[in-house]
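Let's take a walk through this one together. Have the viewer open and follow along.

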Amino acid sequence: MTTPPGWYPDPGQTPPLPPQQRWWDGSTWTQHTRPAAGAAAGPGGGKTGRGPLVAGLVGAVVLVAALATGGVLLAGGSDDEEPKAASSSSPSPEATGPDGKDDPHGDHGGQDSPAPESSPGDVVPEPGLGVGLTVPEGWERPDPDSGFVAHRTTYRCPGQETNCVRGGAKLLPVSSGWEGEKALKEAAELQVAKNAKQSYSEKAYGGITEHKVVESGAVTVAGRPGYRVRWRVENKLEPDAYVEAVVFRSPHLKNEILALWSSVDIAPGAPPASDLDELRKGVVRTGLGEGADDGNREAV
């Protein structure tokens, strides 16, 4: 079993320097780093949290040490799966996030989570990537140390004793060296499949029984060219969901590709699919290594 993508303690860190994390893409370490903040055990040992994106993100929101949206909370997936894009029933993604919400309700109705860490319109940055997510109405940043954004409604995951969220989203690095629009399309198709698998894991939702592409095409994200693919997935255990992956050129690094994983449940109390568009349009450019939005929000 391989270690899922996520933020882990930098293996090349020298003791005198401040602790930092480095992004593990599932097979190799990338050049992306960020200040450490409750990092999970790195590849080779330890238990990682769930990734992001909308299907539930397990726990409070452990997003991408891994990423996530949708499904088990940003984002469902098994305990050994990380990033989950935002989806309607995503569990919390980041492995460095809180351990979960205390929602006692296990029905699809769910309940709103208390004390959000952010307000609609706030920008949640990913300092190492130089971009941030604008929080839509009804969403929040459950963990101030995580870049995961989740819908406020939680519920008991259908296949396990943990809480899921109705939607989730997370920004993450993909790779470098992808050239041309065709490469962006191929990258988006690969990322949406990963997002769906991790956000709506077999453990939490019984497995995806069918999917179909409902939206796809070139887009502009934070002023840079990109490509999006949206699936409608049917799960063995309800709810079904919309899962999306948007890949786009980094506004800072040449040939670097970034991704937005997002997802929302198809169920009462879940956010509308149009929130996936709002999340994409709300990606803004920030300074590398900085947390503040530079004001260069781009209309998509």
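Start with two tryptophans: Trp24 has Trp29 in S3 as its bridge partner. This is a predicted model, so read everything here as computed from its atoms. That tryptophan pair belongs to a bigger match, with strand S2 (residues 20-24) and S3 pairing in the antiparallel sense over four bridges. Zoom out a little and you'll find an open sheet of three strands, ordered S1-S2-S3, with antiparallel pairing. Strand S1 (6-9) and strand S3 (29-35) are the edge strands, each pairing on one side only. If you ignore direction, neighbouring strands in this sheet are turned by 40° against each other on average. As a reminder of what holds such an arrangement together, strands of a sheet pair through backbone hydrogen bonds, either parallel or antiparallel.

Now for the whole protein. How many helices and strands does the secondary structure come to? The tally is three helices and 20 strands. The protein has 300 residues, and buried ones make up 56% of them. Its accessible surface comes to about 11,300 Å², and carbon and sulfur atoms account for 48% of that.

Next, jump along the chain to another antiparallel pair: strand S17 (residues 240-249) and S18 are joined by ten bridges. To get your bearings, pick Val243, whose bridge partner in S18 is Ser263. The two strands form a hairpin with six residues between them, and in this hairpin Asn255 takes a positive phi near 65°. So is S18 largely enclosed or left open by the rest of the structure? It is largely enclosed, because ten of the eleven residues of this strand (residues 256-266) are buried. The cut-off behind that word is a relative accessible area under 20%. While you're looking at strands, keep in mind that in a regular strand the side chains alternate between the two faces of the sheet.

Last stop, the cysteines. A search of the whole structure turns up one disulfide, and its partners are Cys157 and Cys164, with sulfur atoms 1.9 Å apart. Chemically, a disulfide is a covalent bond between the sulfur atoms of two cysteines. What is the handedness of the link between Cys157 and Cys164? The link is right-handed, with 110° about the S-S bond. Both ends are tucked away by the burial criterion too: Cys157 is buried, and so is Cys164.

Technical notes: Residues numbered from 1 in each chain as written. Predicted model: local features only at pLDDT ≥ 70, side-chain atom pairs only at ≥ 80, totals over all residues. Heavy atoms only, no water. Buried < 20%, exposed > 50% of the residue type's maximum accessible area, 1.4 Å probe, protein only. Areas by Shrake-Rupley, 256 points an atom, 1.4 Å probe, with all protein chains shown as cover. Pairing = 2+ DSSP bridges. Disulfide = S-S within 2.5 Å. Axes fitted to C-alpha atoms, helices over the stretch in contact; angles between N-to-C directions.
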